[in-house]
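Trainee: Could you take a single strand and go through it closely? I would like to see how its surroundings are described.

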Amino acid sequence: MNARVYETLSIRVGALALSFVLFGGFVALAGADPLDVYYQMYRGSIGTWFSFQNALLRAAPLMLTALCTAIPARLGLTIIGGEGALVLGGLAAAGTGLALTGLPGSVVVVAMATIGFAAGALWVGAAGALRAYRGVNETISSLLLSYIAIALMTYLVEGPMRDPTSLNHPTTRAIPPDAMLGNIPGFDVHWGLAFGIVACVLAHILMMRSVFGFGGAIVGGNLRAALLCGLPVRRMMVIACALAGGAAGLAGMAEVAAIHGRASDSLVAGYGYTGILVSFMAQHEPLAIVPVAVLFGGIGASNGLIQRADHLPDATVNVLQGILFVVILASETLYGRFSLFRPASKKDEPLSSAAPPAPPGPPVPPVENLPEAAA
Amino acid sequence: MVKTRRTPHRERSTSILILALMGMASLFSSSCKKDSQPESSATTASAPGAAAPAPASSTLTVGFVYVGAKDDYGYNQAHAEGAKAVAAMPGVKVREEENVPETVAVQKTMESMINLDGATLLFPTSFGYFDPHILTEAQKFPAVTFLHCGGLYDETKHPKNVGSYFGYIDEAEYVSGIVAGLTTKTNKLGFVAAKPIPQVLRNINAFTLGARSVNPKVTTSVVFTGDWSMPVKEAEAANSLIDQGVDVLTSHVDSPKVVVEQAERRGIFSTGYHASQAALAPKGYLTGAEWNWAKVYTGYIDAIRANKPYPHLLRGGFKEGFVKMSAYGPAVSDEAKKKADEAKAGLTAGTLVIFQGPLKDNAGKEVIAPGVSMVQTDVNLEKMAYLVDGVKGKLP
């Protein structure tokens, strides 16, 4: 289309290509054949219909947990407590499903989704409220609240909510079978994927196309200006955090209703933390989260094949994720530096994979708050 | 308004994906369009034959799935050692995948091994893989055999292509307890445990009963960390136990590495679990309770390849060779070796029973009546919810 789109495309393509070249060098150092690793990654992530669905399935929870970081990021808040919201959302959904056993399945599903959303919203909303009304750093408080959420889940699952027959792996009792989310027709992927995509689209509309989102951008851009404009900054922070937590809570609900059928410590699987990475790589743009989550899903899906066929350790894909993260964020400094894109010019591949490393530039996205991602 | 912006965004998003997958765009777009249904079945059906590098009809491809790292000095390493023995069998190809969480990821790993590697026998080794993951996949792939570690099979409820095995490792814990009880100078033993579930309690109790069988003054202090892999909490628990005067430490967590290392660093003794941690503590490692999955796995594969029925529920202790002791470390006295060997012989022969009445819990309540002897197959042992007299600690 226009030069901007080509610029974005080229920089993204170049960053991805460079990442994969660096990764190839890394696996070669580790003693594997890079071409075979690429081939196995292709085969494991999109090479067959099964593989591609595997990637989509793994992407589903990441879309929702990434929103947990992306929505508050628009207001300048760095929320990293998606894991706790997911766990509580799953636990609340399981509790709802058990309490409503006997009602029609669809009613139970809707109630589970609502309560799961609400549980996550309450949790991250609390971090937002602490920030807005008490000035508590939301990054730290959301992370600490996340640990409390996991401890609360463990206590309830091993105590009051425990299924007495679950001896060596404490879980809650199972929700009624007709309250389970099935697969999307024609796919071997559950409805959680649709939740994720719809949530990303809705979040895009809200944050990029609504008055609320515009106000949020002002809050994130200049808090003083937002206050001077008379924006209800505090309330907006709490609302954004609540929506964010709700998205992660919905991911927990989908885990319970589509996969586990009950709540247990299996919910603590790191989706919340990987979601932070996805959100940062998508630049907190809700629509960009969808493909980035699928990319991460694809990496996760090909992980097994790399281990099995190339005998590389599991941590190999963490290295790839790390390279992608650094290179893509560094490539953000390249915007506006290529005269090629200034006039509406022709396309071609202007950025070779051997592009020079990003020169030090001022507008680097704020990453210093990001903790070590447990992926 | 969404509609007007849709095109550029979709293009950008899709392109990122395409690039990520290194230009394999055609496949992506074609599978995304409406022909998904036929393509889906076609690809799935052809995948095993096309993808597996043409296994000879006699080659058996076996998949092993681990919840943690396969060199973790613990639960997963014990299974990986079994897998190594399987890989050494002629005509068997082993595919392994580590760090697979107990989520839909393990379902997809199993399917990937079946679809892309041509595996027909799977050993998903984590306890939490069973319900719902193995049960779901077993229904989806009736021609594949799924053998799970944990002893959860119930023939009235579960598919026929599923089996489950486990070992009476409390026998080895009892013997470890004897060595610990005769080595300690402070008469204080420490146990770092993950969760207060029956299997863990059974190990704590067996360890304590073994120690007190040779040294009635011994007590065992227990710390529960709350989860299977909490290296920081495990180190803190080990330190706090050592500070309280404990001079032999043991553990039941996924990897005893941290606990054994910490014991060595602080100059006290340790006993191991799951696999041998002797290499981590050349001075203070006494012995340890180890799994011997090689025996179980090769036995299963021999039966399956001979087309013989394999046991769906398989359990065993010393007698069956499912569990073993780590070699004695340099600090073990001859007396301790003698007593430990005697107990091992008694457990192997079935003349020694660990849990027999009268037995009191650590609150003074009788848990096994006088005259009652609970042999290993007793189902009451599977529901253990007490700590025996001599254990310092409380159940939540």
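Mentor: What follows is a close look at strand β8 of chain B. This is a predicted model, in which local features need pLDDT of at least 70 and side-chain atom pairs count only at pLDDT 80 or more, while totals for chains, interfaces and linings use all residues. Residues are numbered from 1 along each chain as its sequence is written, and chains are lettered from A and ligands numbered from 1 in the order in which they are written.

Strand β8 of chain B covers residues 248-252. Helices (H or I, at least four residues) and strands (E, at least two) are DSSP runs, numbered from the N terminus. Five of the five residues of β8(B) are buried, where buried means that 20 or more other C-beta atoms, placed from the backbone, lie within 10 Å of the residue's own. In a regular strand the side chains alternate between the two faces of the sheet. In β8(B), V248(B), T250(B) and H252(B) are on one side, L249(B) and S251(B) are on the other, and both faces are covered.

Now the neighbours. Two strands pair if DSSP finds at least two bridges between them. Strand β6 of chain B (residues 188-193) runs parallel to β8(B) and is joined to it by five bridges; within this pairing, A193(B) has H252(B) as its bridge partner. Strand β9 of chain B (residues 269-274) is also parallel to β8(B), with two bridges, and S270(B) in β9(B) stands opposite L249(B).

Helix α10 of chain B (residues 257-265) completes a right-handed β-α-β unit with β8(B) and β9(B). Right-handed means that, with the strands pointing away from the viewer, the path from the first strand over the helix to the second runs clockwise.

Technical notes: A residue is buried if 20 or more other C-beta atoms lie within 10 Å of its own, exposed if 12 or fewer, and partly exposed in between; C-beta atoms are placed from the backbone.
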